[in-house]
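Reader: I've got the model open and a pile of terms I don't fully trust. Can you walk me through what they rest on?

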Amino acid sequence: MKSLENGLNYQDLQTQLRQKRHKQFWTLLVVGGSYLALSWLLHFSNTIGIWAIPKSFSWLFINFVPHAQTMQTLPDILSKLLATIGLAISSAFIAAIFAIGLVSFCAPVMPHYLGVKRVVRLIASFLRNIPLVAWSMLLLFTFKQNDLTGFLALFLMSLGFLLRAFLEIMEDESSQIAEALQVTGAGGLVILCRGVLPTVMPQFVSWILYMIENNIRDATLVGILTGTGIGFVFDSYFKSLRYDLAGITVLCIIVVVIALENISAQLRRVIA
Amino acid sequence: MLEIKHLNKTYKAGRPALKDINVSIGKGQFVVILGPSGAGKTTLLRSINQLITSDSGEIDFEDQNLRVLNKQQLRQKRQRIGMIFQNYNLVERLTVIENVLHGRLGQKNLWQGMFGVFSQTEKQEALRLLQEVDLQGFELKNCSDLSGGQKQRVGIARALMQHPQIILCDEPVASLDPASSVMVLDLLKKLTVEKGITCIVNLHQVDLALDYADQIIGIKAGAVQINEPKSQVDKAMLQALYDKES
Ligand SMILES: Nc1ncnc2c1ncn2[C@@H]1O[C@H](COP(=O)(O)OP(=O)(O)O)[C@@H](O)[C@H]1O
Ligand SMILES: [Mg+2]
């Protein structure tokens, strides 16, 4: 509506489009250029890189195929997998609760308590810009190898990610409904609970589901570092050259991830 | 019942959006604000219920200047001024009846408001209002399943739930097809006649304005150029309002 009322004319449109094309061109040039420059710097030959791919696949195929003996260890693998799923879900869930709490302060109708909004934004980008591996390493020094380390790493990462996503949704979706309830004379908290949160919640839930999927993959990686869960299982099989067991572990992870993606797709359809 | 005196508003220095606005609006009037895009119609309307903070002047409603009220007093007064929006501004995921009940949130205490606790009387009133706007049978539908015209009528029912003296309408039919537009404007007109509610409506369709208005306010470049009962407004005045030259 805005563009209609302000009367975006043909000239403006053309200029906008041209600017956008220029931007795309330069982005492509910069990204492509830096890629080439970097690979030259690192003495990385593109051709060799590409030819190595089929070779590694055949190696994978020969070594990672499970056989009858492999199946005996399956219960052990599954129990570790279950623990990892639990870790992934709980970290995403608790991060979601914290994120919803923090982002509520940023709703348009909430009073500006001493720059709380800016603090929340800062927390989000701080958490978001430290990679998961770095979190795990940092936490390893403090908490040593145990489940808490893995949980905290996933929790902090999820919190940063969800905060950023929620802040954006809040900004885009909540101002109109907030205004509509403001004119009835309702106060900030009431508007938040009755108008803003019901409006943004379906999208929030969608991101939380995504976070859970993502955390299952990441929990594996974190497990390798922190020596817990399915990641640890995979790591120890791999290092002891039991590639068949490592293979079945990966297979289990893939099955779970795919199953979970399907479940959340179903859930999304229900809430949408 | 509503007196606007010497109202000024400037967003960007040197380009005032409202210049010394003086208008007086009577009870039960259907007032249409006309003017070219960017004239200041939205700014004027939203200054009335303080969604926009104006720079100087007075907005007198029920013996009080809305511009100088504290937060608590303003919330009290806002309950008496409903508003409907071009994009309806409903909670789409909630049901029609829940959205209508939202009109009462200003009158609730904190806990009732937060948890959406409404009395039987309030619920019965909401149902009655839905009949009034011809939406019986839609009470438990999600608002996302309604057409634009139906959503706007939910918006009107929500505003009525406030027991307002005034309803402010910023381009209420700009997103609607002609048939729905007529239905919505008929409904607003009926409210002015039957309930004595004052409707202040921003429109960009001159023909609709002439069909419905009791009073026409023409704004151009932030200043009032027409302020007359409809019978006093002629074609030349309207042409001058939209003329880019004069
Ligand atoms: N939030 C804002 N910030 C700066 N300028 C604004 C803002 N809102 C409106 N304006 C300007 O004020 C003038 C009046 O706008 P508006 O009241 O929306 O006009 P109308 O509703 O009649 O189209 C326009 O020049 C517009 O660009
Ligand atoms: Mg406008």
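Reader: How far apart do the C-alpha centres of domain 1 of chain A and domain 2 of chain A lie?

Author: They lie 33 Å apart. Domain 1 covers 2–44 and domain 2 covers 68–271, with bounds that come from an automatic or database domain assignment. Bear in mind that this is a predicted model, where local features need pLDDT of at least 70, side-chain atom pairs count only at pLDDT 80 or more, and totals for chains, interfaces and linings use all residues. Residues are numbered from 1 along each chain as its sequence is written, and chains are lettered from A and ligands numbered from 1 in the order in which they are written.

Reader: What makes chain A more spread out than a compact globule?

Author: Start with the make-up: chain A has 11 helices and 0 strands. Those labels are DSSP runs numbered from the N terminus, H or I over at least four residues for a helix and E over at least two for a strand. The yardstick is the radius of gyration, taken over C-alpha atoms, against a globule rule of 2.2 Å times the number of residues to the power 0.38. For 272 residues the rule gives 19 Å, and chain A comes out at 24 Å, well over that, so the chain is more spread out than a compact globule. Its C-alpha trace spans about 70 × 45 × 40 Å along the principal axes.

Reader: And how do you know whether chain B agrees with a compact globule?

Author: By the rule, a compact globule of 246 residues would have a radius of gyration near 18 Å; chain B has 18 Å, so the two agree. Its C-alpha atoms fill a box of roughly 55 × 40 × 30 Å along the principal axes. Chain B has 9 helices and 10 strands.

Reader: Why is A:G101 called buried or exposed?

Author: A residue is buried if 20 or more other C-beta atoms lie within 10 Å of its own, exposed if 12 or fewer, and partly exposed in between, with C-beta atoms placed from the backbone. A:G101 has 10 such atoms, so it is exposed. A:G101 sits in helix α4 (residues 74–104) of chain A. Its C-alpha atom is 9.8 Å from that of A:L163, which is 62 residues away along the chain.

Reader: Which residues of α8(A) are buried?

Author: A:I177, A:A178, A:A180, A:L181 and A:Q182 are. Part of their cover comes from α9 of chain A. Over whole chains, 33% of the residues of chain A count as buried, and in chain B the figure is 44%.

Reader: What makes up the contact between the chains, and how many residues does each give?

Author: Two residues are in contact if their C-beta atoms, placed from the backbone, lie within 7 Å. On that test, 21 residues come from chain A and 26 residues from chain B. On the chain A side, α8 (175–182) and α9 (188–226) each supply at least two residues, and α9(A) has the largest share, with 8 residues.

Reader: How do you know which strands stand at the edges of the open sheet in chain B?

Author: Two strands pair if DSSP finds at least two bridges between them. The sheet has 4 strands in the order β2-β1-β4-β5, with antiparallel pairing. β2 and β5 (64–65) each have a single partner strand, so they stand at the edges and one side of each lacks a neighbour in the sheet. β1(B) and β2(B) (residues 15–25) pair over 7 bridges, and B:I4 stands opposite B:V23 there. Their hairpin has 2 residues between the strands, and B:G14 takes a positive phi near 90 degrees in it.

Reader: What surrounds ligand 1?

Author: To count, a residue needs its C-beta atom, placed from the backbone, within 6 Å of the molecule. Those that do include B:Y11, B:K12, B:K41, B:T42 and B:T43. β1 (2–12) and α1 (41–48) of chain B each supply at least two shell residues, and α1(B) gives the largest share, 3 residues.

Reader: How many of the shell residues are nonpolar, polar and charged?

Author: There are 3 nonpolar, 6 polar and 2 charged residues. Ala, Val, Leu, Ile, Met, Phe, Trp, Tyr, Cys and Pro count as nonpolar, Asp, Glu, Lys and Arg as charged, and the others, Gly among them, as polar.
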